[in-house]
Amino acid sequence: MTTDSITAVEADPRDRVHAVRHRYAHRGDRATPQDWAYTVYLSVILGAVYVAPVVYLVRTTEALVSLPSAEAATPVACLVAATAVWGAQLTGRFWGPLVLKPFLLHVFMSTDLSPTHYLGTIARRRLAYAGLGTLLAVCTATFLATDLFDHPGSALLPQGLAVAVGIGAVAPVAWLWGQVRTVRENVLLAAAVAVAVAAVAPLGRSALLGGGGLWLVTGVLAVAAALLGRSALRSVRTVDLARLARESARAAEAQTFAWTGTLHHALDLYRPQPRGLTSALTRPDGRLRGHLAQGAVRALRTRGRALAAAAFLPAGGVLLTLGVAEPDARLATLSWTAGAVGVYLGSGWVGESWRGLRDELTLAPLLGEWWGGMLARTLAWPAVAVVVPVGLASAVTVLARWPLQGGGPADAVLLTAGTVVLVLGARFLREMKMNLPVELLLPIITPLGDLSALRVFVWQFDGLVVVLAGVLVMNGMPSASGAALTALGAAACCVWAGLRRTGWSLRPLVSRLGRV
């Protein structure tokens, strides 16, 4: 027996885990210095082109959220903390801190080491990195969106930093909790967070604490981080390794798609599989149900996406209406933009009709060449499922805010309808996306260097870019009718570009339309 083998046998689990990770980190396919240099270069370009102008614009205007006192800051802190915990839980269900490279996980699982030794060490390291990143993100958002850092000598500054540290401590452990605990336990935790917010926010706004509401929030966050972290780390030893292996394999495949292809292919790996209600697509006599009924049944077969759409569409309609009904308000543009983004996200979760339309445009027409029938069959449900909830939420909001201060109801209706049409056009453009075009990889030589990566970045998020740019252009238009016409023109361009993505040129398109 050699000296190396004796040392390997006598090494404790921590040293063995470190040795495996060290060998894996020094494999031949790791990133080269040139790769790191290009990543840094691209980050600098993105920051100079996109981030720096936004930061300058935000810092030279009035703060979006004013925090004059601890009483006013406590509800905001509670809302931010709750959002961070809920978002971390949801992220953990899909991509948690225990997800490893499939080969590395296979090596660890093939040894006599317990999951606590190799997963616990990795989890603690990743939770520390996540906590630091969350802290920086919360501080950056506070610096850009509030006036908390405008007065360095204020007593609110140390309290705000303490709350940020508390959020940076509780969000990572909630991330781990979301992965290692069951769905029922995650729902209970989310409900407990909602109850805590409902109890702490009113107490912090009252005069009982004498301006110490933020300290109360910090204490609650510290206790929650300690309890959740202790419980989540203890649950590492009971993690389902087979499920973790499947999650790691899916994450590796998604990373490959994201780096070498398109993000929508990577996201498709995380789409829930339709379940149940197969027989509900047909009537008792065997005939298919109507277009709306088919779309509703297909949406209900993925209940999680349907519930998300049912939440985002009305919420987006409310925010959208608040933004267009009172254009002179300080948060009007932000509300308008957030509402449009919410409707855009919800429009993609109402069902699988968008994918069905793309398949019928790109594959052989199994149901005949009747163009009008295909459009009615595939677009009836998403159009109705988006317009009806947004319209009802908008009507309720207008009635609740009546009389409108920024203009008549006709202007609000035009702007709301125009934004919804723009969102549907952007969603059509995004869902008709195919593989990454090779021409996007051609270099674009500028004084700043090669900007082809920026072009690929914009192509990956084209639907969201269209929504954000369209809302900003509509906001700058002098009249509501002009803004609505602009949105209609942008939606038409999105539809035409989407059809072009599926391979349809002008002459075949007109010929097929003539067969209706």
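Leaving aside its neighbours within four places in sequence, which residues is V163 in contact with? In this predicted model, the partners are A77, L214, V217, T218 and L221. V163 itself belongs to helix α7, which covers residues 156-180. Its relative accessible area comes out at 5%, so V163 counts as buried, the cut-off being under 20%. Another pairing worth a look is V163 with C139: the two are 24 residues apart along the chain, and their C-alpha atoms are separated by 9.9 Å.

T337 makes a second buried case, this time in helix α14, residues 332-347. Here the relative accessible area is 18%, and because the cut-off for buried is under 20%, T337 goes into the buried class. What does the side chain of T337 reach? It goes to the backbone oxygen of T333, at 2.9 Å. With neighbours within four places in sequence set aside, T337 is also in contact with L468 and V471.

On to the cysteines. How many disulfides does the structure hold? The count is 0. For C493, the nearest cysteine sulfur is that of C494, and it sits 7.0 Å away. A disulfide needs the two sulfur atoms within 2.5 Å, so C493 is in no disulfide. Is C493 buried or exposed? With a relative accessible area of 54%, C493 is exposed, because that class starts at over 50%. C78 is buried, at a relative accessible area of 5%. In chemical terms, a disulfide would be a covalent bond between the sulfur atoms of two cysteines.

Then there is the surface. A nonpolar patch is formed there by L292, V384, V388 and L392. Together, these residues have about 330 Å² of accessible area. Which element supplies the largest share of the patch? That would be helix α16, residues 371-400, with 3 residues. V384 is placed in helix α16. Its relative accessible area is 35%, so V384 is partly exposed, in between the under 20% of buried residues and the over 50% of exposed ones. That 35% also explains why V384 can be a patch member as far as accessibility goes, because patches take residues with over 30% relative accessible area.

Put side by side, the residues picked out here run from buried, with V163 at 5% and T337 at 18%, through partly exposed, with V384 at 35%, to exposed, with C493 at 54%.

Note on methods:
Residues numbered from 1 in each chain as written. Predicted model: local features only at pLDDT ≥ 70, side-chain atom pairs only at ≥ 80, totals over all residues. Heavy atoms only, no water. Patch = residues over 30% accessible without salt bridge, like charges linked within 9 Å, V, L, I, M, F, W, Y side chains within 5 Å. Areas by Shrake-Rupley, 256 points an atom, 1.4 Å probe, with all protein chains shown as cover. Salt bridge = Lys/Arg side-chain N within 4 Å of Asp/Glu carboxyl O. Helix = DSSP H or I, 4+ residues; strand = E, 2+ residues; numbered from the N terminus. Buried < 20%, exposed > 50% of the residue type's maximum accessible area, 1.4 Å probe, protein only. Polar contact = N/O pair within 3.5 Å; in protein donor to acceptor, adjacent residues only side chain to side chain. Contact = heavy atoms within 4.5 Å.
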